[in-house]
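Please walk me through this structure in a short report. I would like to know how its helices, its charged pairs and its core fit together.

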Amino acid sequence: MLGFPVEMIVFALLAAIAAGFVRGLAGFGLSVVLVPVLQLAIAPSAAVLVGLISLFLIGLTDLGRVRRDADRSAIPISALALVCMPLGLWALTALPVEWARVLIAAVSLGAFVLVAVPLGKVVMPRLPAMGLSGFFTGFFGGFAGMPGPGMAPFYLRGRLEPAAARASMMAIFLALTPISAAFFVWRGIGGWNEVKLALMLFPAVLFGDWFGHRAFGRVSKTQWQVATALVLGGAALGAMWKLLA
């Protein structure tokens, strides 16, 4: 099927269900789970493209939720991320693999620390925090297809309720992913095979996402923050493992 062994397809479908669940619960994390699995069978850049297409497709199912719950901060963060995305795409193709792994590991670990470690009364002013969030969201959206770690600290440590924070992150994904995917194709990275693979995995992503949404409605704010911190922690551990392997 699409030139892949049946065992790989089954494994990818299971990963897509898990990725959809994480995304439905946390508001981000689909690529964090899905892309590393796909990299076992296809080129990393192609795996990133499949992750971006999957993010866009699942984002279309949440248009109503985004319009109802998203905070206005998603607009400037999305705009700045779009400006910074080409820098990430350039880094993906220009930097040596070793440097790329170091950069991904450092930022993933930094995002986890910013979310999970108590900072007491240390608070960054809102505008600089939004600026940094927009920069890192765009850079990592282009560089690794994982914009989540760039925006998660801003929304998880901010004043917004979980529903608004989650919808805001979904809104940013919806704005970034189609343009990022178009940049990939324009640079000659991937094509119809990646689109077909993403479409094949989409029902599994949608299935997991449905369960994630149901789980979100049953957890407290603290439980939601812990769950999202665990997603970032998993991303950081995965990046460190690749760095040390």
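Helix α8 covers residues 148-156, and nine of its nine residues are buried, so the rest of the structure largely encloses this helix. The buried set starts with Gly148, Pro149 and Gly150. Met151, Ala152 and Pro153 also belong to it, and so do Phe154, Tyr155 and Leu156. All of this describes a predicted model, not an experimental one.

Tyr155 deserves a closer look. It is a member of the largest nonpolar core, which has 69 residues. Together with Leu34, Leu38 and Leu201, Tyr155 touches the most other members of that core. Which residues does tyrosine 155 contact, leaving aside neighbours within four places in sequence? They are Ser73, Ala74, Ile77, Leu160, Ala165, Ser168, Met169 and Ile172. As a general background point, nonpolar side chains tend to be buried together in soluble globular proteins.

Helix α7 comes earlier in the chain, at residues 126-143. Does its length fit its residue count, or what span should we expect? At 1.5 Å a residue, its 18 residues should span 26 Å. The C-alpha atoms at its ends are 25 Å apart, so the two values agree. Several residues of α7 are buried, including Ala129, Met130, Ser133 and Gly134. Phe139, Phe140 and Phe143 are also among the buried residues of α7.

Now to the charges. How many salt bridges does the structure hold? The number is five. Three of the pairs are listed here.

| Salt bridge | Closest N to O |
|---|---|
| Arginine 23 with aspartate 209 | 3.0 Å |
| Aspartate 62 with arginine 65 | 2.1 Å |
| Aspartate 69 with arginine 68 | 3.4 Å |

Take the pair of arginine 23 and aspartate 209, with closest N and O atoms 3.0 Å apart. Arginine 23 lies in helix α1 (residues 6-26) and aspartate 209 in helix α10 (residues 192-216), so this salt bridge ties together parts that are 186 residues apart in sequence.

Is this pair buried or exposed? Both partners are buried. The relative accessible area of arginine 23 is 2%, and that of aspartate 209 is 3%. Buried means under 20%, so both values meet the cut-off.

The surroundings of the two partners can be listed too. Not counting residues up to four places away in sequence, arginine 23 is in contact with Phe28, Leu30, Ile58, Gly59, Asp62, Met170, Asp209 and His213. On the same terms, aspartate 209 touches Gly20, Phe21, Arg23, Gly24, Ile58, Thr61 and Asp62. Ile58 and Asp62 appear in both lists.

The other two pairs have their own settings. Aspartate 62 is buried, at 2% relative accessible area, whereas arginine 65 is partly exposed, at 23%. Aspartate 69 is partly exposed, at 24%. Its partner, arginine 68, is exposed, at 58%. Through shared partners, salt bridges join Arg23, Asp62, Arg65 and Asp209 into one network.

How far can the model be trusted? The average pLDDT of the protein chain is 81, and 86% of the residues score at least 70. Confidence is lowest in helix α6 (residues 97-116), with a mean of 68. It is highest in helix α4 (residues 63-69), at 91.

Conventions: Residues numbered from 1 in each chain as written. Predicted model: local features only at pLDDT ≥ 70, side-chain atom pairs only at ≥ 80, totals over all residues. Heavy atoms only, no water. Salt bridge = Lys/Arg side-chain N within 4 Å of Asp/Glu carboxyl O. Helix = DSSP H or I, 4+ residues; strand = E, 2+ residues; numbered from the N terminus. Buried < 20%, exposed > 50% of the residue type's maximum accessible area, 1.4 Å probe, protein only. Core = buried A, V, L, I, M, F, W, Y, C linked by side-chain atoms within 4.5 Å. Contact = heavy atoms within 4.5 Å. Expected span 1.5 Å × (residues − 1). pLDDT = per-residue confidence, 0-100.
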